[in-house]
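Good morning, and thank you for the time. I would like to take the group through one structure, beginning with the overall fold and ending with a single residue.

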Amino acid sequence: MGSGVQEQRASLTQGEVLPLASSSQSEGLKHTRSVLNSLFSGALAGAVAKTAVAPLDRTKIIFQVSSARFSAKEAYRLIYRTYLKDGFFSLWRGNSATMVRVIPYAAIQFCAHEQYKRLLGGYYGFQGKALPPFPRLLAGSMAGTTAAMLTYPLDMVRARMAVTPKEMYSNILHVFVRISREEGLKTLYRGFAPTILGVVPYAGLSFFTYETLKKLHAERSGRPQPYSYERLAFGACAGLIGQSASYPLDVVRRRMQTAGVTGHTYGTILGTMREIMSEEGVIRGLYKGLSMNWVKGPIAVGISFTTFDLTQILLRKLHQMGYTAR
């Protein structure tokens, strides 16, 4: 009889625990799938956006790291001369290095943003809802900082490839080897401080603006999801605000990254800013190429946010179809 009671207790215990384990496992799988979906969607969004604006991005970097005066006419001339001299695909020189950086950067940034939104939502009691303004800004800043910290050396390599002739660096690995051998491993993180200082307002304001516009749109229109062209417009506004706020630090970052091949010795953020302002002025120095960024930035950020959202929606629909089919 005692053994029968023990068996009954064991069966009851098993009957109680197994559903909990199954539920916990289901939640774990759901979370893992969400993370993987965010990583894939972010990687695709970054690749599509950066490839679309690569010629403009390369031209902007060349002006940022030189003392040549910027204008739309000069930018067009540079693009045209590059096309005549090296061919059409030379306008995408350095894009392979950009992809090596952007794909993990965008994947980490978008995935981190989703996770930070979930964590902050739980902390502030807004789980599954739009976050209040400050946590919304904080989630974007933290996501950008996380991605920048993990992928910075790749950004350094990309900048070097964009401003040097192809004879100097044959491929991405060659850039790493030459920098490490000739300038030291520390050079791979030159310009890191202005990058982080620039990423905090840039990523924070970009995500904040995009999420805020989507929230306002849902409240005003009554539609939970905006149309694709509306997403592009929201992303464009986000890119315009974010990049304008952080642009001087972007110029400083590029100068420090390419100092080894331009003949300058930039040591600190303030020292670099002072030298740029004394030689070129505030507007023509620290804001050089900003007008091109006002064209390139909104396009890239709009494409990036839209691609991420639409890919997320598509992946969710595909999963639902597969689940229904079973």
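Read from the beginning of the sequence to its end, the chain follows the pattern α-α-α-α-α-α-α-α-α-α-α-α. In other words, there are 12 helices and zero strands. Please keep in mind that this is a predicted model. Of the 326 residues in the chain, 44% are buried. As for contacts between residues at least 6 apart in sequence, 78% of them join residues at least 24 apart.

Let me turn to one pair of helices. A general remark comes first: two packed helices are described by the angle between their axes and by the distance between those axes. Here the pair is helix α8, residues 228-257, and helix α10, residues 269-280. Their axes come within 10 Å and cross at roughly 100 degrees. An angle from 65 to 115 degrees counts as roughly perpendicular, and α8 and α10 are therefore roughly perpendicular to each other. Which residues of α8 and α10 meet? On the α8 side they are L249, V251, V252, R255 and M256, and on the α10 side I269, T272, M273, I276 and E280. Sorted by class, this contact of α8 with α10 has seven nonpolar, one polar and two charged residues.

Next, the charged pairs. Side chains of opposite charge can pair when their charged atoms come close. A search of the whole structure finds 10 salt bridges, and I shall discuss three of them.

The first for today joins E211 and K117, with the closest N and O atoms 3.6 Å apart. E211 lies in helix α7, residues 192-221, and K117 in helix α4, residues 95-124, so this pair ties together parts that are 94 residues apart in sequence. Are these two partners buried or exposed? E211 is buried, at a relative accessible area of 17%, whereas K117 is partly exposed, at 23%.

The next pair lies within one helix. K215 and E219 meet through their side chains in a salt bridge, at 2.8 Å from N to O. Why can they be partners along a single helix? They are four residues apart in helix α7, and are therefore separated by about one helical turn. K215 is partly exposed, with a relative accessible area of 30%.

The last pair brings us back to α8. There, R253 and D250 are three residues apart, which again means a separation of about one helical turn. Their side chains form a salt bridge with an N to O distance of 2.2 Å. Both R253 and D250 are buried. Returning to E211 and K117, salt bridges that share partners join these two residues and E114 into one network.

A word on the cysteines. The structure holds zero disulfides. C111 is buried, with a relative accessible area of 8%, while C237 is partly exposed, at 38%.

I close with D57, which is placed in helix α2, residues 54-64. What is the relative accessible area of D57? The value is 4%, so D57 counts as buried. Leaving aside residues up to four places away in sequence, D57 touches K50, R158 and K296. D57 and A300 are 243 residues apart along the chain, yet their C-alpha atoms are separated by 9.9 Å.

Notes: Residues numbered from 1 in each chain as written. Predicted model: local features only at pLDDT ≥ 70, side-chain atom pairs only at ≥ 80, totals over all residues. Heavy atoms only, no water. Disulfide = S-S within 2.5 Å. Buried < 20%, exposed > 50% of the residue type's maximum accessible area, 1.4 Å probe, protein only. Axes fitted to C-alpha atoms, helices over the stretch in contact; angles between N-to-C directions. Helix = DSSP H or I, 4+ residues; strand = E, 2+ residues; numbered from the N terminus. Parallel < 35°, antiparallel > 145°, perpendicular 65-115°, else oblique. Contact = heavy atoms within 4.5 Å. Nonpolar A, V, L, I, M, F, W, Y, C, P; charged D, E, K, R; others polar. Salt bridge = Lys/Arg side-chain N within 4 Å of Asp/Glu carboxyl O.
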